[in-house]
Amino acid sequence: MSVHSNTKRVTTQTLQEMKMKGEKIAMLTSYDYSMARIVDDAGVDVILVGDSASNVMAGHETTLPITLDQMIYHAASVVRAVNRALVVVDLPFGAYQGNSKEALTSSIRIMKESGAHAVKMEGGAEIRESIERILSAGIPVMGHLGLTPQSIYKFGTYTVRAKEEAEAERLLSDAAVLNDIGCFGIVLEKIPAKLAAKVTSGVDVPTIGIGAGADVDGQVLVVHDMIGLTREFSPRFLRRYLHLYEDIKAAVGQYVTDVRSADFPNEKEQY
Ligand code: KIV
């Protein structure tokens, strides 16, 4: 329970209950205090401090460059804003692939230094030992299967994953592993809707889709994409609720005009 309010916090158990009751889970990314406040206040259940911060906050082409220290900085800013949502933080590339001890050390740093509630990791059976070690320390872990952007140089493209039977079978078996070892949820990114539905009915824990159709337990989007702060990224699965790039550009353009014409500040806007 938050020390700041009487709001009932979302926990991993809440998400499990939501799946059992058939209530859909709303998840969205945030990387800073101001945005996280709005996202939490609007009723989002899970806030993901995604390593997509590498793209939308820092302007990198991939998620690979972002560091553990940078993720902790973003996560701590988000945690300070949140009263209700469960805050999940991505373990960044290079912070867990080495061995399970490194994975645990990185997760402990995230939990201790940011105050977040859980971590997320990309991968299936190949990272089983690391996930188990993190779970044994009492840290909740969310899995992530399908398109795993930290492996972009292995796959070469950001196209839909697991369209072929062999890859689909591997994904189903990875989902079963994550479920059985105790992950509290699984993100399914950019896979066929039918496969996502099959994963969802085959596991006990909630699945959260991004480009994985409607038959999953919840949805996640990158907040900068859904409010239109980014323009270039326009995959089929993205629904834009605002067009803030254009709106902010128009507002800033008006400010420039007002300053140059000495319209701003006027008499009421000074002391
Ligand atoms: O980093 C991120 O934003 C993510 C979501 C796309 C699921 O992992």
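**Group meeting: strand 1 and its neighbours**

Okay, let's start with one pair of residues: A26 sits opposite Q219, and Q219 is in strand 8. Before I go on, keep in mind that this is a predicted model.

So what's around that pair? Strand 1 and strand 8 run parallel, and four bridges hold the pairing. Now go to the other neighbour of strand 1. That's strand 2, residues 46-49, also parallel to strand 1, with three bridges joining the two. If you want a residue to click on there, take L28, which faces I47 in strand 2. And how does the chain get from strand 1 to strand 2? By way of helix 2, residues 33-41, in a right-handed β-α-β crossover.

Next, why is strand 1 largely enclosed by the rest of the structure? Strand 1 covers residues 25-29, and four of those five residues are buried, so the strand is largely enclosed. Buried here means under 20% relative accessible area.

Let's go back to Q219 for a second. Q219 is also the bridge partner of G209. That takes us to strand 7, residues 207-210, which pairs with strand 8, residues 218-221, in the parallel sense over two bridges.

Now zoom out. Which order do the strands follow? They go 1-2-3-4-5-6-7-8, eight strands with parallel pairing, and the barrel is closed. From one strand to the next, the twist averages 25°.

So if you have the model open, start at A26 and Q219, then step across to G209 from Q219. For the other side of strand 1, go to L28 and I47. That's it from me.

Technical notes
Residues are numbered from 1 along each chain as its sequence is written. This is a predicted model: local features need pLDDT of at least 70, side-chain atom pairs count only at pLDDT 80 or more; totals for chains, interfaces and linings use all residues. Side-chain values use heavy atoms; hydrogens and water are left out. Two strands pair if DSSP finds at least two bridges between them. Axes are lines fitted to C-alpha atoms, for helices over the stretch in contact, and angles run from 0 to 180 degrees between N-to-C directions. Buried means under 20% relative accessible area, exposed over 50%, partly exposed in between (1.4 Å probe, protein chains only). A crossover is right-handed if, with the strands pointing away from the viewer, the path from the first strand over the helix to the second runs clockwise.
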